[in-house]
Amino acid sequence: FAYQFRENILPILRLVVVALVALGILVLAGYHLVFRPLHGRSLYREGIALIGEDQYTLGNQTFERAREVWPSTRWFYSYAVAFMSERQYTLAGEKYEQLLFGMSEEERDYFNDLLNEGKYSAIVTARRPEKQGVLDYAHLESAVLGNYVQADRLLQLILVQDVADYKGRLALGDNFMRWAETEPARYEEARIAYARLMERYGQTDELLFRMLRYFVRTDNLREVLALKELFEQDERIVIEPDKYAEMAGYLIDNNLLEDVEDILFRAVDTDSSIPEIHYNLARYYRLINAQGEEELALATARGLLEKANPLTREIRGMLVDTITRIGENYYEAERFLEAQDTFGEAIEEYEEGLRRRVLGPDPMYGRAYAHLADIFYYIGRQYDDALRYLNAAEENGYDEPNLDYKQGFILYRNGQLDSALGEFREVAADPSGSTNALLWATGNTYFRRSNYFAAEAYYRELLERVELQRDNIRTLLVDEDPLHQSVVEYLIRVNNNLGVTLNRLSDEDIGNPDLFATALIYLTQSIEYSENYRRDPDTLSRSGAVNLAYLNQRGILYPTPEYSLQIYNGLPEDLDDLVF
């Protein structure tokens, strides 16, 4: 048996054992090197698909299952990008945190505490966080979330290892540039960051374009023009189209339009998908009154801006302004329903930016409320809705004399005289708002509040201005020139209202014959102006309508219980309205 076992069975047994061991090794290798990676990859992809279907929690759970099967660093980046594409920036940040500081929440809290305390070396020693992960996370915090302090802390994890690290210091300068939009002192820190890179790496095109943006945002026109000439003279330079577009916008702001179109077309040739290019093209075309080109540029800009991801502060601001400009074009074309819908879309986008705290009150954004108010004010005559949007425009940074005047006009109509007077006073604070319409509106408001002394003062000032305008008109053409018609109408109306006001003061100061007589004089003047200038232009016959001043004069001379003196109550809709 021993001989048979040794000679016949043992070799076979040895082969079987070797075969089993080899098979086991193959099975284990296949499991670990083939099955686990493939199964893990399948789960990772499943999680990505779930995120695309808005099932974010299930997507994260699938990610954790996939990591148990096959841990892989690259999928942290993929999941972060997937969450960002869905604009789930908090979840994207969580993925970067897991990549840098670990899957355990306790572990992440520990390292975040170290980060907040500035103990960067301790973090680097313990975790050795991936450089690309730090850069991506810092960009998310800075460019998307506007958390500049956190971005700065994250970048120190790179710079604590190499103070001259190119990508780390470049990102630091970019973070300071964004930070400076709310804290302008940070511009100097951005300049220093770029300058240190130039000292070590030279004046590379990339750094020169960073300095171009710095000079644009710090309003250094001389340096901007110098860099523009440098880039324009060398066609071999591969430009950065977003920064070139920003330079074009800066030139537009300074009304230097000569090279703007060429600059923007060069940017388009480099990358036509940059929305800032088309946005500034639209601005340029509006200035040169190229309406068709402007509309095309606005439509292109809106499409690109809406698709942009991440939707940064700058992008969202441009989107709000672009939609508002589209609405303005609809309004000018008298397509009021489309204009109303478009202004509503601009407001919705802006308010979303406010909720996300990436936008703040600004006249550029408040403009949409003011234009929507105009539709209700001028077109729909829905004054309460108009007042609501006028108030919103003012609250969001848009304010100008005519807006305050329109608020006062509506409040006056509603009988809210104290509030109306407050708005008219705000208009008067701006020199451009001191018009005949404002004096008339303020005088009428004081009259209706029974403050006849103040009303008299405003009526007298208005009468003096209108009489001076009349004296400066050599040939009065009431039926041909709106300005001439306005002068005559004001003469008729203000004389009447001043006469009624003085009569009220006469009633309060019984026994003052001067006030009584003067009131009759002003009413008589109103009657004369009406009879002389409201004649039929062809037949010169007097108008058949009874003049209000005539009725008031009769009411004074032949008083009856059923008649009380009346003023012209109506107000112009606008500060610069001539005829109302």
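**Exercise 1. Working from the predicted model, decide whether Lys-243 is buried or exposed, and identify its salt-bridge partner Asp-242's own degree of exposure.**

Solution. Begin with the lysine: Lys-243 has a relative accessible area of 6%, and because buried means under 20%, Lys-243 is buried. Turn next to the acid, where Asp-242 has a relative accessible area of 22% and is therefore partly exposed. Finally, consider the pair itself, in which Asp-242 and Lys-243 form a salt bridge whose closest N and O atoms are 3.5 Å apart.

**Exercise 2. Find which parts of the chain are tied together by the salt bridge between Arg-381 and Glu-573, and state how exposed Arg-381 and Glu-573 are.**

Solution. Start from the distance: the closest N and O atoms of Arg-381 and Glu-573 lie 1.8 Å apart, and the two residues form a salt bridge. Then place each residue, noting that Arg-381 sits in the loop between α19 (363–380) and α20 (383–395), whereas Glu-573 belongs to the segment after α27 (548–557), so the salt bridge ties together parts that are 192 residues apart in sequence. As a last step, compare accessibilities with the cut-offs: Arg-381, with a relative accessible area of 42%, is partly exposed, while Glu-573, at 18%, counts as buried.

**Exercise 3. Determine which residues are joined into one network by salt bridges that share partners, and how many salt bridges a search of the whole structure finds.**

Solution. Follow the shared partners from residue to residue, and the network is found to contain the acids Asp-174, Glu-181, Glu-240, Asp-242 and Glu-246 together with the basic residues Arg-210, Arg-213, Arg-217, Lys-243 and Arg-313. Across the whole structure, the search finds 39 salt bridges. One of the salt bridges in the structure links Glu-183 to Arg-186, with 3.4 Å between the closest N and O atoms, and Glu-183 is partly exposed at 36% relative accessibility.

**Exercise 4. Describe how helix α26 packs against α27, and classify the residues in their contact.**

Solution. First take the geometry: α26 (residues 513–533) packs with α27 at an angle of about 150 degrees, and their axes are 8 Å apart. Because angles over 145 degrees count as roughly antiparallel, α26 is roughly antiparallel to α27, and the crossing of the two helices is left-handed. Next list the contact, in which Phe-516, Leu-520, Leu-523, Thr-524, Ser-526 and Ile-527 of α26 meet Ala-549, Tyr-550, Asn-552, Gln-553, Ile-556 and Leu-557 of α27. Sorting these residues by class gives 8 nonpolar, 4 polar and no charged residues in the contact of α26 with α27.

Methods. Residues numbered from 1 in each chain as written. Predicted model: local features only at pLDDT ≥ 70, side-chain atom pairs only at ≥ 80, totals over all residues. Heavy atoms only, no water. Salt bridge = Lys/Arg side-chain N within 4 Å of Asp/Glu carboxyl O. Buried < 20%, exposed > 50% of the residue type's maximum accessible area, 1.4 Å probe, protein only. Helix = DSSP H or I, 4+ residues; strand = E, 2+ residues; numbered from the N terminus. Axes fitted to C-alpha atoms, helices over the stretch in contact; angles between N-to-C directions. Parallel < 35°, antiparallel > 145°, perpendicular 65-115°, else oblique. Left-handed = near helix turned anticlockwise from the far one by under 90°. Contact = heavy atoms within 4.5 Å. Nonpolar A, V, L, I, M, F, W, Y, C, P; charged D, E, K, R; others polar.
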